[in-house]
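User: I am a first-year student, and I want to see how labels follow from values. Can we go through some of them?

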Amino acid sequence: SPSDIPTLAQLYSSNDIPSPEDKPKYPVDDSLNGRISIWRGDITKLKADMIVNAANSSLLGGGGVDGAIHRAAGPELLDECETLGGAKTGETKVTKGYELPAARIAHTVGPIYSKLNSARSAQQLGSCYQTSLERCNECGGGSIGFSSISTGVYGYPIIDATHIALETTRKFLEKDKSISRVVYVVFSAKDEKVYRSIVPEYFPGS
Ligand code: AR6
(Lines give C-alpha, C1' and ligand atoms only; values in the text may rest on other atoms or scores of the structure.)
Protein backbone atom coordinates (compact mmCIF):
# COMPACT_ATOMS: atom_id res chain seq x y z
CA SER A 1 0.00 0.00 0.00
CA PRO A 2 1.12 3.61 -0.49
CA SER A 3 1.84 3.99 3.22
CA ASP A 4 4.62 1.40 2.88
CA ILE A 5 6.33 3.47 0.20
CA PRO A 6 8.74 6.10 1.55
CA THR A 7 8.00 9.70 0.66
CA LEU A 8 10.63 11.61 -1.28
CA ALA A 9 11.41 13.58 1.86
CA GLN A 10 12.07 10.34 3.74
CA LEU A 11 14.32 9.10 0.96
CA TYR A 12 16.28 12.28 0.39
CA SER A 13 16.57 13.83 3.82
CA SER A 14 18.02 10.67 5.30
CA ASN A 15 20.81 12.01 7.50
CA ASP A 16 23.41 9.56 6.17
CA ILE A 17 23.69 11.59 3.00
CA PRO A 18 26.37 14.25 3.52
CA SER A 19 25.53 17.85 2.78
CA PRO A 20 27.16 19.44 -0.26
CA GLU A 21 28.60 22.21 1.91
CA ASP A 22 31.30 19.91 3.32
CA LYS A 23 34.72 21.53 3.02
CA PRO A 24 36.78 20.59 -0.05
CA LYS A 25 39.51 18.00 0.70
CA TYR A 26 41.49 19.14 -2.36
CA PRO A 27 42.29 22.57 -3.78
CA VAL A 28 40.83 24.00 -6.98
CA ASP A 29 42.81 22.80 -10.03
CA ASP A 30 41.77 24.42 -13.30
CA SER A 31 43.20 21.51 -15.30
CA LEU A 32 40.27 19.44 -13.97
CA ASN A 33 37.57 21.81 -15.22
CA GLY A 34 34.88 20.06 -17.25
CA ARG A 35 36.44 16.62 -16.87
CA ILE A 36 33.97 15.18 -14.32
CA SER A 37 30.30 14.39 -14.71
CA ILE A 38 27.58 12.40 -13.04
CA TRP A 39 24.91 10.78 -15.18
CA ARG A 40 21.95 8.73 -14.04
CA GLY A 41 21.10 6.00 -16.49
CA ASP A 42 22.00 2.67 -18.07
CA ILE A 43 25.74 2.41 -18.72
CA THR A 44 25.08 0.20 -21.76
CA LYS A 45 23.70 3.34 -23.48
CA LEU A 46 26.78 5.47 -22.80
CA LYS A 47 28.89 6.44 -25.80
CA ALA A 48 32.43 6.62 -24.46
CA ASP A 49 35.92 5.44 -25.29
CA MET A 50 35.67 3.03 -22.35
CA ILE A 51 33.05 1.92 -19.85
CA VAL A 52 33.89 0.08 -16.64
CA ASN A 53 32.07 -3.12 -15.80
CA ALA A 54 31.65 -4.38 -12.21
CA ALA A 55 32.71 -7.94 -12.99
CA ASN A 56 33.60 -10.98 -10.89
CA SER A 57 36.92 -12.82 -10.95
CA SER A 58 35.80 -15.27 -13.64
CA LEU A 59 35.22 -12.34 -16.05
CA LEU A 60 32.55 -14.55 -17.62
CA GLY A 61 29.49 -12.45 -16.81
CA GLY A 62 26.93 -12.42 -14.01
CA GLY A 63 24.01 -10.32 -12.79
CA GLY A 64 23.65 -6.58 -12.20
CA VAL A 65 25.55 -4.26 -14.49
CA ASP A 66 27.74 -7.17 -15.66
CA GLY A 67 24.69 -9.04 -16.97
CA ALA A 68 23.34 -5.91 -18.64
CA ILE A 69 26.68 -5.25 -20.37
CA HIS A 70 26.97 -8.83 -21.65
CA ARG A 71 23.39 -8.78 -22.96
CA ALA A 72 23.84 -5.46 -24.73
CA ALA A 73 27.32 -6.19 -26.12
CA GLY A 74 26.29 -9.55 -27.57
CA PRO A 75 27.83 -13.03 -27.43
CA GLU A 76 31.18 -12.08 -28.96
CA LEU A 77 32.00 -10.36 -25.67
CA LEU A 78 31.89 -13.69 -23.82
CA ASP A 79 34.12 -15.25 -26.51
CA GLU A 80 36.78 -12.62 -25.83
CA CYS A 81 36.32 -12.82 -22.05
CA GLU A 82 36.99 -16.57 -22.21
CA THR A 83 40.51 -15.80 -23.50
CA LEU A 84 41.38 -13.54 -20.55
CA GLY A 85 41.95 -16.13 -17.82
CA GLY A 86 39.94 -14.27 -15.20
CA ALA A 87 41.27 -11.51 -12.94
CA LYS A 88 42.04 -10.99 -9.27
CA THR A 89 40.16 -8.60 -7.02
CA GLY A 90 41.32 -5.07 -7.80
CA GLU A 91 42.55 -6.02 -11.29
CA THR A 92 41.16 -4.78 -14.61
CA LYS A 93 41.23 -6.30 -18.10
CA VAL A 94 40.02 -4.70 -21.33
CA THR A 95 37.88 -6.02 -24.18
CA LYS A 96 36.27 -4.47 -27.20
CA GLY A 97 32.76 -3.07 -26.80
CA TYR A 98 31.13 -5.09 -29.61
CA GLU A 99 27.47 -4.01 -29.98
CA LEU A 100 27.79 -1.30 -27.31
CA PRO A 101 28.15 2.38 -28.19
CA ALA A 102 31.30 2.31 -26.02
CA ALA A 103 34.50 1.39 -27.89
CA ARG A 104 36.00 -0.66 -25.07
CA ILE A 105 35.01 -2.28 -21.79
CA ALA A 106 37.26 -2.36 -18.73
CA HIS A 107 36.25 -5.36 -16.64
CA THR A 108 37.26 -4.69 -13.06
CA VAL A 109 36.80 -7.02 -10.12
CA GLY A 110 35.54 -5.21 -7.05
CA PRO A 111 35.88 -6.57 -3.52
CA ILE A 112 33.01 -8.31 -1.78
CA TYR A 113 32.66 -5.81 1.07
CA SER A 114 34.00 -6.98 4.41
CA LYS A 115 33.14 -4.85 7.41
CA LEU A 116 35.72 -6.75 9.47
CA ASN A 117 38.43 -6.03 6.93
CA SER A 118 37.23 -2.70 5.61
CA ALA A 119 40.78 -1.39 5.11
CA ARG A 120 41.53 -4.24 2.70
CA SER A 121 38.20 -3.70 0.90
CA ALA A 122 39.03 -0.01 0.54
CA GLN A 123 42.49 -0.73 -0.86
CA GLN A 124 41.02 -3.20 -3.36
CA LEU A 125 38.25 -0.83 -4.45
CA GLY A 126 40.81 1.95 -4.94
CA SER A 127 42.81 -0.44 -7.10
CA CYS A 128 39.73 -1.04 -9.30
CA TYR A 129 39.48 2.69 -10.07
CA GLN A 130 43.26 3.12 -10.39
CA THR A 131 43.77 0.17 -12.75
CA SER A 132 40.72 1.11 -14.85
CA LEU A 133 42.13 4.63 -15.33
CA GLU A 134 45.54 3.12 -16.17
CA ARG A 135 43.99 0.80 -18.79
CA CYS A 136 42.11 3.77 -20.26
CA ASN A 137 45.33 5.78 -20.49
CA GLU A 138 47.10 2.83 -22.19
CA CYS A 139 44.27 2.66 -24.74
CA GLY A 140 44.79 6.34 -25.62
CA GLY A 141 42.62 8.03 -23.00
CA GLY A 142 39.52 10.02 -23.94
CA SER A 143 36.29 9.40 -22.06
CA ILE A 144 35.60 6.75 -19.41
CA GLY A 145 32.30 5.87 -17.75
CA PHE A 146 32.33 4.11 -14.38
CA SER A 147 29.58 2.03 -12.89
CA SER A 148 29.50 2.16 -9.10
CA ILE A 149 31.81 -0.79 -8.48
CA SER A 150 30.97 -3.20 -5.61
CA THR A 151 28.01 -1.16 -4.34
CA GLY A 152 25.33 -3.59 -5.56
CA VAL A 153 25.50 -7.33 -4.92
CA TYR A 154 28.97 -6.94 -3.37
CA GLY A 155 27.59 -4.75 -0.58
CA TYR A 156 30.06 -1.87 -0.40
CA PRO A 157 28.45 1.12 1.40
CA ILE A 158 27.74 3.76 -1.25
CA ILE A 159 29.12 6.78 0.63
CA ASP A 160 32.44 5.12 1.47
CA ALA A 161 32.70 3.76 -2.07
CA THR A 162 32.03 7.19 -3.57
CA HIS A 163 34.85 8.77 -1.56
CA ILE A 164 37.25 6.11 -2.86
CA ALA A 165 36.06 6.54 -6.47
CA LEU A 166 36.46 10.31 -6.34
CA GLU A 167 39.75 10.42 -4.43
CA THR A 168 41.41 7.88 -6.73
CA THR A 169 40.18 9.77 -9.79
CA ARG A 170 41.27 13.15 -8.44
CA LYS A 171 44.82 11.94 -7.80
CA PHE A 172 45.01 10.25 -11.20
CA LEU A 173 43.65 13.14 -13.28
CA GLU A 174 45.96 15.68 -11.62
CA LYS A 175 48.90 13.88 -13.29
CA ASP A 176 47.23 12.35 -16.36
CA LYS A 177 46.23 14.52 -19.27
CA SER A 178 45.06 11.76 -21.64
CA ILE A 179 41.66 11.26 -19.99
CA SER A 180 39.38 14.08 -21.06
CA ARG A 181 36.22 13.04 -19.25
CA VAL A 182 35.20 10.79 -16.37
CA VAL A 183 31.48 10.01 -16.11
CA TYR A 184 30.12 8.41 -12.95
CA VAL A 185 27.11 6.45 -14.08
CA VAL A 186 24.64 6.09 -11.23
CA PHE A 187 21.59 3.89 -11.34
CA SER A 188 19.42 5.26 -8.54
CA ALA A 189 18.30 8.70 -7.39
CA LYS A 190 19.91 8.07 -4.01
CA ASP A 191 23.28 7.21 -5.56
CA GLU A 192 23.06 10.31 -7.73
CA LYS A 193 22.44 12.44 -4.67
CA VAL A 194 25.41 10.90 -2.88
CA TYR A 195 27.74 11.55 -5.81
CA ARG A 196 26.48 15.12 -6.28
CA SER A 197 27.01 15.86 -2.60
CA ILE A 198 30.57 14.48 -2.43
CA VAL A 199 32.01 15.59 -5.79
CA PRO A 200 32.67 19.18 -4.58
CA GLU A 201 35.01 17.86 -1.86
CA TYR A 202 37.33 16.38 -4.49
CA PHE A 203 36.63 18.60 -7.50
CA PRO A 204 35.85 22.06 -6.11
CA GLY A 205 34.94 24.47 -8.85
CA SER A 206 34.99 21.80 -11.54
N1 AR6 B 1 23.90 0.66 -15.72
C2 AR6 B 1 24.54 1.30 -14.71
N3 AR6 B 1 24.58 0.83 -13.44
C4 AR6 B 1 23.93 -0.34 -13.20
C5 AR6 B 1 23.25 -1.07 -14.20
C6 AR6 B 1 23.26 -0.52 -15.51
N7 AR6 B 1 22.65 -1.13 -16.54
N8 AR6 B 1 22.73 -2.18 -13.61
C9 AR6 B 1 23.06 -2.15 -12.31
N10 AR6 B 1 23.78 -1.02 -12.05
P11 AR6 B 1 26.35 -4.73 -9.24
P12 AR6 B 1 28.83 -5.34 -7.74
C13 AR6 B 1 24.37 -0.54 -10.79
O14 AR6 B 1 25.56 -5.60 -8.34
O15 AR6 B 1 28.21 -4.88 -6.48
C16 AR6 B 1 27.52 -9.36 -10.79
O17 AR6 B 1 26.79 -10.56 -10.74
C18 AR6 B 1 23.84 -1.09 -9.50
O19 AR6 B 1 22.63 -0.42 -9.15
O20 AR6 B 1 26.10 -4.84 -10.70
O21 AR6 B 1 30.23 -4.91 -8.07
C22 AR6 B 1 28.98 -9.60 -11.15
O23 AR6 B 1 29.14 -10.66 -12.06
C24 AR6 B 1 24.97 -0.73 -8.55
O25 AR6 B 1 24.90 0.66 -8.22
O26 AR6 B 1 27.96 -4.98 -9.05
C27 AR6 B 1 29.58 -9.89 -9.82
O28 AR6 B 1 29.40 -11.26 -9.47
C29 AR6 B 1 26.22 -0.91 -9.41
O30 AR6 B 1 25.73 -0.97 -10.77
C31 AR6 B 1 28.81 -9.02 -8.86
O32 AR6 B 1 27.54 -8.80 -9.49
C33 AR6 B 1 27.01 -2.17 -9.11
O34 AR6 B 1 26.13 -3.23 -8.75
C35 AR6 B 1 29.47 -7.67 -8.69
O36 AR6 B 1 28.78 -6.92 -7.72
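Analyst: Start with a rule: a polar contact is a pair of N or O atoms within 3.5 Å, and within protein one must be able to donate a hydrogen and the other to accept it. Keep in mind that this is a predicted model.

User: What makes the pair of Thr 131 and Cys 128 a polar contact?

Analyst: The side chain of Thr 131 reaches the backbone oxygen of Cys 128 at 3.5 Å. The cut-off is within 3.5 Å, so the pair counts. Thr 131 itself sits in helix H4, residues 118-138.

User: Why is Thr 131 called buried?

Analyst: Its relative accessible area is 13%. Buried means under 20%, so Thr 131 is buried. Beyond its neighbours within four places in sequence, Thr 131 is in contact with Gly 90, Glu 91, Thr 92 and Thr 108.

User: Is Ser 150 buried or exposed, and how do you know?

Analyst: Ser 150 has 5% relative accessibility. That is under 20%, so Ser 150 counts as buried. Ser 150 lies in the loop between strand E5 (142-146) and helix H5 (158-175).

User: What does the side chain of Ser 150 reach?

Analyst: The backbone oxygen of Pro 111, at 2.8 Å. Set that against the cut-off of 3.5 Å: this is a polar contact. Leaving aside neighbours within four places in sequence, the contacts of Ser 150 include Gly 110, Leu 125 and Tyr 156.

User: Which residues come nearest to the ligand?

Analyst: Of the 20 residues around the ligand, these come nearest: Asn 56, Gly 63, Asp 66, Ser 150 and Gly 152.

User: What makes Thr 151 a polar partner of the ligand?

Analyst: A polar side-chain atom of Thr 151 lies 3.4 Å from an oxygen atom of the ligand. The limit is 3.5 Å, so this is a polar contact. Val 65 has a backbone N or O atom 2.8 Å from a ligand oxygen. For Tyr 154, a backbone N or O atom lies 3.0 Å from a ligand oxygen. The protein covers 88% of the 700 Å² of accessible area that the ligand has on its own.

User: How many aromatic pairs are there, and why is the pair of Phe 146 and Tyr 184 called stacked?

Analyst: The structure holds five aromatic pairs. In this one, the ring centres of Phe 146 and Tyr 184 are 6.2 Å apart, with 20 degrees between the planes. Centres within 6.5 Å make a pair, and planes under 30 degrees apart make it stacked, so both tests are passed.

User: Which parts does this pair tie together?

Analyst: Phe 146 lies in strand E5 and Tyr 184 in strand E6 (residues 179-186), so the pair links parts that are 38 residues apart in sequence. Both residues are buried. Together with Tyr 129 and Tyr 195, Phe 146 and Tyr 184 form one aromatic cluster.

User: How do you know that Cys 136 is in no disulfide?

Analyst: The search of the whole structure finds zero disulfides. For Cys 136, the nearest cysteine sulfur is that of Cys 139, 6.9 Å away. A disulfide needs sulfur atoms within 2.5 Å, so Cys 136 and Cys 139 do not form one.

User: Buried or exposed: what are Cys 136 and Cys 139 called, and why?

Analyst: Cys 136 has a relative accessible area of 1%. The cut-off is under 20%, so Cys 136 is buried. Cys 139 has 30% relative accessibility. That falls between 20% and 50%, so Cys 139 is partly exposed.

Technical notes:
Residues are numbered from 1 along each chain as its sequence is written. This is a predicted model: local features need pLDDT of at least 70, side-chain atom pairs count only at pLDDT 80 or more; totals for chains, interfaces and linings use all residues. Side-chain values use heavy atoms; hydrogens and water are left out. Helices (H or I, at least four residues) and strands (E, at least two) are DSSP runs, numbered from the N terminus. Buried means under 20% relative accessible area, exposed over 50%, partly exposed in between (1.4 Å probe, protein chains only). Contact means heavy atoms within 4.5 Å. Rings of Phe, Tyr and Trp (its six-membered ring) pair if their centres lie within 6.5 Å; planes under 30 degrees apart count as stacked, over 60 as edge-to-face and the rest as tilted. A residue is near a molecule or strand if one of its heavy atoms lies within 4 Å of it. Accessible areas come from the Shrake-Rupley method with a 1.4 Å probe; for residues, only the protein chains shown count as cover.
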